[in-house]
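Me: I should like to work through this structure by question and answer. Please reason each reply through to the value or name requested.

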Amino acid sequence: DGRVTRFAFARRSWQNEQKKKLDCRIYVGSIHYSLGEEDIKLPFSTFGKISRIDMPREPGTMRSKGFCFIEFEEPDAAKQALQTMNGFELGGRKLKVGPPTNGGNAAAMTPMMPTINPLLAGINPQLAMLQAQQMQRASAPVVPQAPVKKTRIYVGSIFFNLTSDHVQRVFEAFGKVRSCQLIPNPDTGLHKGYGFIDFEEEKSAVEAIENMNGFELCGRPLKVGWAAHSQQAAAAGAAAAPLPIPNPAIALALSSVAQGGAVANAASVQQASKCIRLSNMIDPSDNDDAGLCDEVKEECEEIAPVVQVVVKGNYVFVNFKDVQGGKNGFVKLHGRWFGGKKIEAQYYDGAKADAGIF
């Protein structure tokens with residue numbers, strides 16, 4: 001009769017909804033224990049909008065158990081992620097990506113059909129389904145959540161020649177670091193300018209944020225905040241926060257970075273100047289130095305007032321009016337593309353530049 005038909009329709013609608021939901025989910029395994037939901041979301045969100053990420057954690061340490069389930073809003077996004085991300089290296093491990101039934105408890109992924117009141121289903125199928133779902137949620141066991149220690153921070157605006165070892169040595173001034181991961185950029189072979197640091201103690205993370213947000217490292221003010229915050233929030237916090245007062249421990253850590261030798265000309269890079277030297281801009285077949293100088297000067301004038309632009313050998317020297325102009329120019333120009341080439345910037349002695357020595 002009509003009641004049975006409406007009940008069957010409600011059941012089919014629920015089943016179709018659950019099938020679509022399952023098609024939108026994927027299993028991701030072999031995840032490094034130091035990675036969190038935000039680290040997983042970054043690469044997988046390129047395939048489509050993510051509704052949720054379920055990452056089981058160890059009760060005592062609250063570390064990841066090494067796998068998670070991702071639910072996309074559309075099945076096509078999940079399908080593309082399945083085809084692309086299996087074997088993708090993240091945090092030093094190759095991810096294992098597959099359908100949810102391959103990596104975990106299928107019963108946990110596919111909820112049982114709620115018990116529907118047939119009488120109510122005959123009158124109002126939608127209301128019957130809603131009532132059944134509410135009863136199912138109410139009967140589910142409540143799992144107590146252990147308090148989460150906040151030890152993970154986000155660090156952005158990192159100089160591209162710095163490695164994770166250099167960044168870790170700087171932040172170890174605040175306490176022992178469990179891990180330091182800079183997100184790799186496959187196009188350049190370097191990193192994307194940001195990453196995550198996990199301390200052993202929450203106090204260390206708090207002190208790192210208070211002292212290092214806005215701290216200038218290699219000519220770039222760092223953006224430091226809690227990893228749970230978005231990058232935009234971290235950027236806003238860096239703009240609003242007053243510049244911290246460096247302490248001797250940080251100065252020592254920065255000194256050790258400069259002495260490590262792994263960063264090209266690290267000492268000169270950290271010594272800000274009104275003049276910067278740009279490389280990888282000149283085409284050897286192009287002899288129009290005057291035209292290039294005019295073009296570069298016009299571009300740099302939008303950053304800060306420029307005294308002169310000089311082409312010498314394979315380098316372009318931009319002498320700004322003051323040191324702040326040099327800093328702004330360094331941040332804006334380093335890593336920027338110009339004429340199909342990626343610019344590399346270094347500070348150059350302002351006194352020599354003023355004397356015409358290049």
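Me: Which glycine takes a positive phi just after H3, and what is the angle?

Reply: This is a predicted model, and the angle is computed from its atoms. The residue in question follows directly after helix H3. It is glycine 87, and its phi is about 95°.

Me: Which residues of helix H3 are buried, and what arc do they cover around the axis?

Reply: Helix H3 spans residues 75-85, and its buried members are Ala77, Ala78, Ala81 and Met85. In an α-helix there are 3.6 residues a turn, so residues three or four places apart point the same way. The buried residues of H3 lie on the same side of the helix because the arc they cover around the axis is only 100°.

Me: Which exposed residues does H3 carry on the face turned away from its buried side?

Reply: Exposed here requires a relative accessible area over 50%. On the face of H3 turned away from the buried side, the residues that are exposed are Asp76 and Gln83.

Me: Is strand S1 largely enclosed or left open by the rest of the structure, and how many of its residues are buried?

Reply: Both faces of S1 are covered, with Arg25, Tyr27 and Gly29 buried on one side. On the other side, Ile26 and Val28 are buried. S1 is therefore largely enclosed by the rest of the structure, the buried count being five of the five residues.

Me: Which residues are the bridge partners of valine 28 in S3 and in S6?

Reply: S1 runs antiparallel to S3, to which five bridges join it. S1 is also antiparallel to strand S6 (residues 96-98), with three bridges between them. The partner of valine 28 in S3 is cysteine 68, and in S6 the partner is valine 97.

Me: How many aromatic pairs are counted, and at what angle do the planes of tyrosine 27 and phenylalanine 69 stand?

Reply: The count of aromatic pairs comes to 12. In the pair formed by tyrosine 27 and phenylalanine 69, the ring centres are 5.8 Å apart. The pair is classed as tilted because the angle between the planes is 55°.

Me: How many residues apart in sequence are the parts that tyrosine 27 and phenylalanine 69 tie together?

Reply: Tyrosine 27 is buried at 16% relative accessibility, and phenylalanine 69 is buried at 8%. Tyrosine 27 belongs to strand S1 (residues 25-29) and phenylalanine 69 to strand S3 (residues 67-72). The pair therefore ties together parts whose separation in sequence is 42 residues.

Me: What is the distance between the ring centres of phenylalanine 317 and phenylalanine 358, and which aromatic cluster holds them?

Reply: Phenylalanine 317 and phenylalanine 358 form a tilted pair, with 50° between the planes and 5.0 Å from centre to centre. The pair links distant parts of the chain, 41 residues apart: phenylalanine 317 is in strand S15 (residues 315-320), and phenylalanine 358 is in the segment after helix H15 (350-354). Phenylalanine 317 is buried, with a relative accessible area of 4%, whereas phenylalanine 358 is partly exposed at 23%. The cluster that holds them consists of Tyr315, Phe317, Tyr348 and Phe358.

Me: The charged end of which residue sits over the ring of tyrosine 315, and how far is it from the centre?

Reply: Tyrosine 315 is found in strand S15. With a relative accessible area of 32%, tyrosine 315 is partly exposed. The charged end over its ring belongs to arginine 277, and the distance from the ring centre is 4.1 Å.

Me: Which strands stand at the edges of the open sheet S14-S15-S13-S18?

Reply: This sheet has four strands with antiparallel pairing, and six bridges join S14 to S15. The edge strands each have a single partner strand, so one side of each is left without a neighbour in the sheet. They are S14 (306-312) and S18 (344-348).

Me: How many disulfides are counted?

Reply: A disulfide requires a pair of cysteine sulfur atoms within 2.5 Å. Among the cysteines, cysteine 24 is buried with a relative accessible area of 3%, and cysteine 180 is buried with 13%. The count of disulfides is zero.

Key. Residues numbered from 1 in each chain as written. Predicted model: local features only at pLDDT ≥ 70, side-chain atom pairs only at ≥ 80, totals over all residues. Heavy atoms only, no water. Buried < 20%, exposed > 50% of the residue type's maximum accessible area, 1.4 Å probe, protein only. Helix = DSSP H or I, 4+ residues; strand = E, 2+ residues; numbered from the N terminus. Arc of directions from axis to C-beta. Phe/Tyr/Trp six-rings, centres within 6.5 Å; stacked < 30°, edge-to-face > 60°. Lys NZ or Arg CZ within 6 Å of the ring centre and 35° of its normal. Pairing = 2+ DSSP bridges.
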